[in-house]
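The following exercises are to be worked with the sequence and the three-dimensional model side by side. Each task is followed by a solution in steps.

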Amino acid sequence: MSVGEIPAPPEGFVPSSRGPYTTHNGPMFHRRNADGGLTHAFFVLPRHCNSMGIVHGGMLSTFFDGVVAGAVGRVTGGMSVTVHLSLDFLSMARAGEWVYGEGKVTRQTKDLVFAEGRIFIGDKDVLRGSGVFKPMHRKAE
């Protein structure tokens, strides 16, 4: 495999359809779990890494935001915008590794949805975090 080449995704994972920003930073993949949730994944390319050769915190933040926003969307049935993210970087990921993410909604109010999640490689957590999201409702035209 040459530098920058992405191998076939792990079994059960399919390409994720995302907006232009995330598509540019991807590709991203997902797999439906037995509990109805999703596990997300991306293959770390050299362009995802910083000058120290580890995945850039901005890439992990982008990936995490999509993971937990996706969990919110599955609960609300619509799109939302991120109000707040709190991230704890726990370990490193490097080029050539598959990175996974899972998120879940923990609480929902009239105006906000709270979620938490993790990014991991195998049994090693790379990042844990939480987020607050504002569901978007279309205005009557």
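Two strands are taken to pair if DSSP finds at least two bridges between them. The model used throughout is a predicted one.

**Exercise 1. The sheet**

Task: Determine the order of the strands in the sheet and state which strands stand at its edges.

Solution.
Step 1. The sheet is open and has 7 strands, in the order S1-S2-S3-S5-S6-S7-S4, with antiparallel pairing.
Step 2. Strand S1 (14-15) and S4 each have a single partner strand, so one side of each is left without a neighbour in the sheet. These two strands therefore stand at the edges.

**Exercise 2. Strand pairs and hairpins**

Task: For the pairs S3 with S5, S5 with S6, and S6 with S7, state how many bridges join the strands.

Solution.
Step 1. S3 and S5 run antiparallel and are joined by 4 bridges. Phe 43 stands opposite Trp 98, which belongs to S5.
Step 2. Between S5 and S6 there are 8 bridges, again in the antiparallel sense. Glu 102 has Arg 118 in S6 as its bridge partner. The two strands, S5 and S6, form a hairpin with 4 residues between them.
Step 3. S6 and S7 run antiparallel and are joined by 9 bridges. Gly 117 is matched with its bridge partner Gly 129 in S7.
Step 4. S6 and S7 also form a hairpin, with 2 residues between them. In that turn, Gly 122 has a positive phi of about 60 degrees.

**Exercise 3. Helix H2**

Task: Compare the span of H2 with the expected value, and find what its buried residues pack against.

Solution.
Step 1. H2 covers residues 57-76, a total of 20 residues.
Step 2. From its first C-alpha to its last, H2 reaches 28 Å, close to the 28 Å expected at 1.5 Å a residue.
Step 3. The buried residues of H2 are Met 59, Leu 60, Thr 62, Phe 63, Phe 64, Val 67, Val 68, Ala 71 and Val 72.
Step 4. Their packing partners include helix H1 (20-25), as well as strands S3 (38-43) and S4 (80-89). Strands S5 (98-108), S6 (113-121) and S7 are also among the elements they pack against.
Step 5. Just after H2, Gly 77 takes a positive phi of about 80 degrees.

**Exercise 4. The surroundings of His 48**

Task: Decide whether His 48 is buried or exposed, and identify the residues in contact with this side of the chain.

Solution.
Step 1. His 48 is found in the loop between S3 and H2.
Step 2. Its relative accessible area is 3%, so His 48 is buried, the cut-off for this class being under 20%.
Step 3. Leaving aside neighbours within four places in sequence, His 48 is in contact with Asn 25, Gly 26, Phe 42, Phe 43, Ile 54, Val 55, His 56 and Met 59.
Step 4. Two of these contacts recur elsewhere in the exercises: Phe 43 stands opposite Trp 98, and Met 59 is one of the buried residues of H2.

**Exercise 5. Salt bridges**

Task: The structure holds 4 salt bridges. Describe the partners of Glu 116, Asp 111 and Arg 118.

Solution.
Step 1. Glu 116 and Lys 104 meet through their side chains in a salt bridge of 3.7 Å, N to O. This pair links distant parts of the chain, since Glu 116 is in strand S6 and Lys 104 in strand S5, 12 residues apart. Glu 116 is partly exposed at 36% relative accessibility, and Lys 104 is partly exposed at 49%.
Step 2. Asp 111 forms a salt bridge with Lys 134, with the closest N and O atoms 3.9 Å apart. Here too distant parts of the chain are linked: Asp 111 is in the loop between S5 and S6, and Lys 134 is in strand S7, 23 residues apart. Asp 111 counts as partly exposed at 40%, as does Lys 134 at 33%.
Step 3. Arg 118 forms a salt bridge with Asp 125, the closest N and O atoms being 2.5 Å apart. At 22% relative accessibility Arg 118 is partly exposed, whereas Asp 125, at 19%, counts as buried.
Step 4. Arg 118, Asp 125 and Arg 128 are linked in a network of salt bridges.

**Exercise 6. A surface patch**

Task: Identify the residues that form a nonpolar patch with Met 136.

Solution.
Step 1. Met 136 lies in the segment after strand S7 (124-135) and is partly exposed at 45% relative accessibility.
Step 2. Met 79 and Val 81 join Met 136 in the patch, and together the three have about 320 Å² of accessible area.

Key. Residues numbered from 1 in each chain as written. Predicted model: local features only at pLDDT ≥ 70, side-chain atom pairs only at ≥ 80, totals over all residues. Heavy atoms only, no water. Patch = residues over 30% accessible without salt bridge, like charges linked within 9 Å, V, L, I, M, F, W, Y side chains within 5 Å. Areas by Shrake-Rupley, 256 points an atom, 1.4 Å probe, with all protein chains shown as cover. Buried < 20%, exposed > 50% of the residue type's maximum accessible area, 1.4 Å probe, protein only. Expected span 1.5 Å × (residues − 1). Contact = heavy atoms within 4.5 Å.
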